[in-house]
Amino acid sequence: MESQPIPFFVRFRNIGVLVVLIVLVAGAALLTPQNTFIQEANLKTLLALGPEFGIIALGVGVLMVSGEFDLSVGSQLALGSLIFISLAGAGINIYIAALLTCLLGVGIGLLHGLVVVKARIVSFIATLGFMLTWRGLTEILTAGKVRSYEFVQHETFVQIFTGRVGDVVPSQVIWFVLFAIVLYFVLHRGRFGNWIYATGDNAQAARAMAIDTHLVKIVCFMIVGFLCAFSAILQTTRTSAVTTHAGTGWELQAVAAAVVGGTSLRGGRGSMIGVFLGALVIMVIDNMIVQARLPYEWSYAAFGVVILAAALLDLGIEKQIQRAAV
Amino acid sequence: MEGSAQVPANDEEELFDTGSLPCVSERAAAEEAAPTNGQVLLKMVNIHKWFGRVHALRGVNFTVHRGEVVGLCGDNGAGKSTLIKVASGYHTADEGQIFFEGREVKLRSPKDARALGIETVYQEQALCPHLSIARNIFMGREPTTLLGLIDQRTMNKESMEALASMGLRLRSPHALVSALSGGQRQGVAIARAIHFKAKLVILDEPTIALSVKEVREVLDFVRHLRDQGVAVVFITHTLHHVFSVADRIVVLAHGCNLVDVRTKDTDVDELSDIIARGTLGDAVPTTQHAR
Ligand SMILES: Nc1ncnc2c1ncn2[C@@H]1O[C@H](COP(=O)(O)OP(=O)(O)O)[C@@H](O)[C@H]1O
Ligand SMILES: [Mg+2]
């Protein structure tokens, strides 16, 4: 059998993202003042904080393959943190508190999914509404104040979520990689993954083949909700506090991560390896901006440019695919 | 309104109203479609379908026999797609009965129709362009290994076999559907039906936007299906395409039956005339119903 042109592009795409990542890391190492990027303290911070974003980006990538968006992930993170810290503060067993937080996250995802598929509100708009709703709710409930809780009393719990493996690798990295592997199997090796792709690629064809595209989308929203809640637990345990502005701007960074990783803005195309690498790219850029001591507004401009560039590149790749079709 | 005034007095039994009111339902329901061979496989009686205020099907009768190729024709908006979407469980009829292999069936979803052996290749692209050939053929029915993961090897092997059985040689089961020609895509969609042992395959405008060579390919696929004893409903509004393969031709107009005739009892000119006049609404078919 001859080689196939299209899968080659797909593979090529991931290698491309890997190259971008390596160039970025090298650039960051050389260009940040006093090379702070590669200093141990910064790398530790990056590896502990980055996965909080990365885990959410993985879910957003899966959701985008199904053809939908969730712009409320940052707000879900803030709300999740508040819920978790409130439950813990109420004296509930910390593991049960974590479990309840995750279940609530899944419930929020279910709500998002139902609103999108049953009420037929475009997810971009629906989740924009939820972004404001959940953020507003978090602010109302905290009255704008920082809520804190001492997690140190739960030594094992803290170790599981924010400790270090072998004194080197932060637990968060392990969780991030673990979720990426699980979602890789879901997306690429399981039946449900094929349904996600089919739903995003041609929902009509999928429905005709008796795939419940509504259910597929709802489950994808639930995956995002779960991962936001999980990330909220990681973050809250690390900081021992919840701030109302946690996760602001992450909704677009997550879309950027997925798109950089080769996920189509129109659904049906993308890969878990790509999204994983894309998330790393965004984490590094975010960290670079902090290390270069640029004002935070710079990150908006930077991620804006990244999204546009990746979308343009995607357009070019789609054209290549069409051309290969002839 | 159109046409109903011109109904001739003779041979009243045989006529179908082409007007905008419901087709003459009791009479239409009593009609037996012209068998070309074998027993009745699918029988749809007095089917009505509304989309809001649009009365898309107004009491249509439609019968397909085992191993028969039926051409379903009519102008744009006549209700062809809607009728076959009812037959494939995509839409549910607002009124009417459906019989499959002699038993009345309720088709609530595409799943129900597939379970009976009705496979449909839709006009609006039956495939996912960015997925591989194998994943398209097995879409929604992916075989799994003991671990619950997709059995890619079985999928690859069986999809290539199904394609080869239709004389379609494609490079690899991993190739994306977007890399295929229009004719090859129809082939993949039909291979899916063959692999899952369909008794009835419905093709909605399979030759639309295809080159002459690709049309010939698709017509070959249809003959192939018939040779394997599979019944085919072939929708087109290009009569020439359907004439070379169909045993029988059914024409719809404005959501009603207009013609039901054996291909050998008519010719392209006569039928195009009827279709044209039927839609103009100033005439009544001469060849209404073959017995
Ligand atoms: N999903 C739908 N919603 C509303 N109207 C529809 C829908 N599908 C078909 N129709 C209407 O029903 C009529 C028949 O359409 P269709 O079955 O697609 O015709 P054909 O396939 O013969 O061209 C048309 O008037 C069309 O506009
Ligand atoms: Mg049609």
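The following dialogue examines chain B and ligand 1 in a predicted model.

Trainee: How many helices and strands are there in chain B?
Mentor: Chain B has 291 residues, and buried residues make up 58% of them. Among its contacts between residues at least 6 apart in sequence, 66% join residues at least 24 apart. The secondary structure of chain B comprises 9 helices and 10 strands.

Trainee: What share of the area exposed by chain B do carbon and sulfur atoms supply?
Mentor: The area that chain B exposes is about 11,900 Å². Of this area, the share supplied by carbon and sulfur atoms is 52%.

Trainee: Which element supplies the largest share of the shell around ligand 1?
Mentor: The residues around the ligand include B:F51, B:D75, B:N76 and B:G77. By class, the shell divides into 4 nonpolar, 5 polar and 2 charged residues. Two elements of chain B, β2 (54-65) and α2 (80-87), each supply at least two residues of the shell. The largest share, 3 residues, comes from α2(B).

Trainee: Which residue has an N or O atom in its side chain 2.5 Å from an oxygen atom of ligand 1?
Mentor: Two contacts involve the backbone instead: an oxygen atom of ligand 1 is 3.2 Å from a polar backbone atom of B:A78, and an oxygen atom of the ligand is 2.8 Å from a polar backbone atom of B:K80. The side-chain contact at 2.5 Å belongs to B:T82.

Trainee: After these contacts, how much of the accessible area of ligand 1 does the protein cover?
Mentor: On its own, ligand 1 has 560 Å² of accessible area. The part of this area covered by the protein is 61%.

Trainee: Why is α2(B) described as largely enclosed by the rest of the structure?
Mentor: The buried residues of this helix include B:K80, B:S81 and B:T82, and these three also belong to the residues around ligand 1. Just after the helix, B:G89 takes a positive phi of about 80°. The helix is largely enclosed because the number of its residues that are buried is 8 of the 8.

Trainee: How far apart are the end C-alpha atoms of helix α6 of chain B, and what span should its 14 residues have?
Mentor: Helix α6 covers residues 182-195 of chain B. At 1.5 Å a residue, the helix should span 20 Å, and the computed separation agrees with this expectation. The end C-alpha atoms are 20 Å apart.

Trainee: What covers the buried residues of α6(B)?
Mentor: This helix is mostly covered, with 10 of its 14 residues buried. The buried residues include B:G183, B:Q186, B:R192 and B:I194. Their cover in chain B includes β6 (118-121), α4 (133-137), α5 (152-165), β7 (200-204) and α7 (212-227).

Trainee: Is B:K197 buried or exposed?
Mentor: B:K197 follows α6(B) and lies in the loop between α6 and β7 of chain B. Its phi is near 55°, a positive value in a residue other than glycine. Exposed means over 50% relative accessible area. At 66% relative accessibility, B:K197 therefore counts as exposed.

Trainee: Is B:N46 buried or exposed?
Mentor: B:N46 lies in strand β1 (residues 40-51) of chain B. Its phi is near 50°, again a positive value in a residue other than glycine. Buried means under 20% relative accessible area. With a relative accessible area of 16%, B:N46 is therefore buried.

Methods
Residues are numbered from 1 along each chain as its sequence is written. Chains are lettered from A and ligands numbered from 1 in the order in which they are written. This is a predicted model: local features need pLDDT of at least 70, side-chain atom pairs count only at pLDDT 80 or more; totals for chains, interfaces and linings use all residues. Side-chain values use heavy atoms; hydrogens and water are left out. Helices (H or I, at least four residues) and strands (E, at least two) are DSSP runs, numbered from the N terminus. The expected span of a helix is 1.5 Å times one less than its number of residues. Buried means under 20% relative accessible area, exposed over 50%, partly exposed in between (1.4 Å probe, protein chains only). Contact means heavy atoms within 4.5 Å. A residue is near a molecule or strand if one of its heavy atoms lies within 4 Å of it. A polar contact is a pair of N or O atoms within 3.5 Å; within protein, one must be able to donate a hydrogen and the other to accept it, and residues adjacent in sequence count only if both atoms are side-chain atoms. Accessible areas come from the Shrake-Rupley method with a 1.4 Å probe; for residues, only the protein chains shown count as cover. Ala, Val, Leu, Ile, Met, Phe, Trp, Tyr, Cys and Pro count as nonpolar, Asp, Glu, Lys and Arg as charged, and the others, Gly among them, as polar.
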